[in-house]
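Hi everyone, thanks for coming. Let me put the structure up, and then I'll walk you through some strand pairing and the contact between two chains.

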Amino acid sequence: MAKIGISAVQRKNPRNGKTAWYAQPKTYSLIGADGMKEAVSRNSQIDPSVVSSVMNALATEIKNFVYNGHNIKLDGLGTFSIRYGSLPANTASNLTGEYVKPKTIGFRMGSEIRKACSLKLVEFFRFDVPELYQQSGELAWSYYTDGYEPQP
Amino acid sequence: MNIVKMAPIKRKNPKTGKVAWYLQKRKYDTISSKELVEAMARNTGIPVAKVAMATDAIVKQLKNFLLNGHSVNIVGLGTFSPRIKSRPSDSKDAVTAENVKALLLKFRPQTDIREDMKNTVGYEVIHSEVTGTSPAPVPEDPYLGVTKFGQLHDGSLEVEDVERTQDGTQVEIYRESTFLGIKTDGTQKGGKFCLAILPSDTYPYTYNPKNTIVLKPATGAYKKDFDYVANGVIIPDDAVDVKLLYLPAGVQVTDKPDNFKLASMINILMQ
């Protein structure tokens with residue numbers, strides 16, 4: 001079962017202005033290109049140089065397709081698309097390319113990963129309170145101290 | 001220069017209520033994983049099978065890291081990290097796993113992408129789609145007599161994903177405004193079309209009136225392209241499913257699952 005540590009953070013609700021405490025995920029580490037390459041090649045027996053080339057190509061091709069208006073549905077993950085805004089005009093004929101406010105690349109989770117994120121399949125525990133992570137938090141604590149430890 | 005084709009569309013700004021013309025991306029083909037893999041193989045010279053295997057392994061590993069609380073940076077694209085929707089508590093110690101409403105994945109694009117897009121992406125406005133001089137052919141839809149879908153898209157008016165720090169506290173605002181229009185062939189009489197949204201915390205998986213939006217008959221500029229529309233629809237981040245239902249006359253949306261056996265369902269591709 002996936003385990004995610006949470007900590008408490010005080011936030012202001014922008015709608016009603018009230019301040020309260022909310023749960024937020026504790027990120028143990030940021031996995032970079034090397035970490036991904038190492039973990040993927042270890043778990044899939046694919047040559048690290050191939051993994052590295054494919055990861056670079058993945059980023060390049062996603063950008064290429066998005067920049068040409070396409071959405072890209074990556075199985076198991078989700079859909080990447082262009083994000084933009086538009087300025088208003090009084091008539092349609094006034095609209096030109098200048099009215100587009102380019103933003104960036106957007107991502108929407110796919111159904112498969114939404115299901116994997118189901119609360120029934122993920123365990124949450126307080127990471128910042130020793131008594132609370134004592135049992136279920138041991139695993140995550142080792143992640144924190146030892147870097148990462150990919151699941152088989 | 002990459003070119004994205006845009007078409008004018010008349011819309012009501014949900015914030016101000018003003019109606020104006022905006023630009024909306026034309027419908028493009030969605031690139032599947034298979035097409036993406038083929039393109040990657042072409043440009044790297046690595047065999048397709050190997051690229052496909054590596055891509056699967058990368059996605060699997062990415063999921064594994066994220067679901068165990070790590071953030072992952074894909075160089076050249078951006079960073080994925082877990083994100084939580086939480087219920088509020090009065091005190092710090094009262095925050096437990098029970099506060100978690102939904103687990104989501106957040107994608108933060110690399111900062112240079114915005115600048116890159118400004119320099120490398122151009123926008124071409126197709127005005128003919130408004131004047132109607134060359135209407136696009138309407139594909140036959142096998143379902144229910146619905147012959148045309150409007151895009152259910154990230155509304156250009158406006159998707160906000162703002163984070164700011166105030167006195168050490170972080171505030172996140174996320175808001176999506178969407179539009180859905182459908183055109184029917186007129187075979188459906190006396191019933192109504194609804195957009196049913198299924199939040200992830202719903203169990204068992206049943207739809208209910210609270211999360212169902214009835215499409216209204218199209219009026220004004222929308223009438224030209226659509227028969228029924230829903231405007232300013234808010235689809236929560238954690239929605240696991242969105243369906244278009246046709247409810248025959250006399251059938252009401254209730255929280256009884258059996259009720260939906262009576263309704264015909266159409267899956268909607270959320271862009």
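A quick definition before we start: two strands count as paired if DSSP finds at least two bridges between them. Helices (H or I, at least four residues) and strands (E, at least two) are DSSP runs, numbered from the N terminus. Please keep in mind that this is a predicted model, where local features need pLDDT of at least 70, side-chain atom pairs count only at pLDDT 80 or more, and totals for chains, interfaces and linings use all residues. Residues are numbered from 1 along each chain as its sequence is written, while chains are lettered from A and ligands numbered from 1 in the order in which they are written.

Let's begin inside chain B. Strand β4 (residues 71-74) pairs antiparallel with strand β5 (residues 78-86) over 3 bridges, and B:N73 sits opposite B:T79 of β5(B). These two strands make a hairpin with 3 residues between them. In that turn, B:G76 has a positive phi of about 95°. Moving on, β5(B) also runs antiparallel to β6(B) (residues 100-109), joined by 9 bridges; there, B:P82 has B:L105 as its bridge partner.

Now, which strands pair across the two chains? Strand β4 of chain A (residues 71-74) and strand β3 of chain B (residues 30-31) do, in the parallel sense, over 2 bridges. A:I72 is opposite B:I31 there.

Finally, the contact itself, where residues count if their C-beta atoms, placed from the backbone, lie within 7 Å. Chain B contributes 93 residues and chain A 97. On the chain B side, helix α2(B) (residues 48-66) supplies the largest share, 13 residues.

How values were computed. Two residues are in contact if their C-beta atoms, placed from the backbone, lie within 7 Å.
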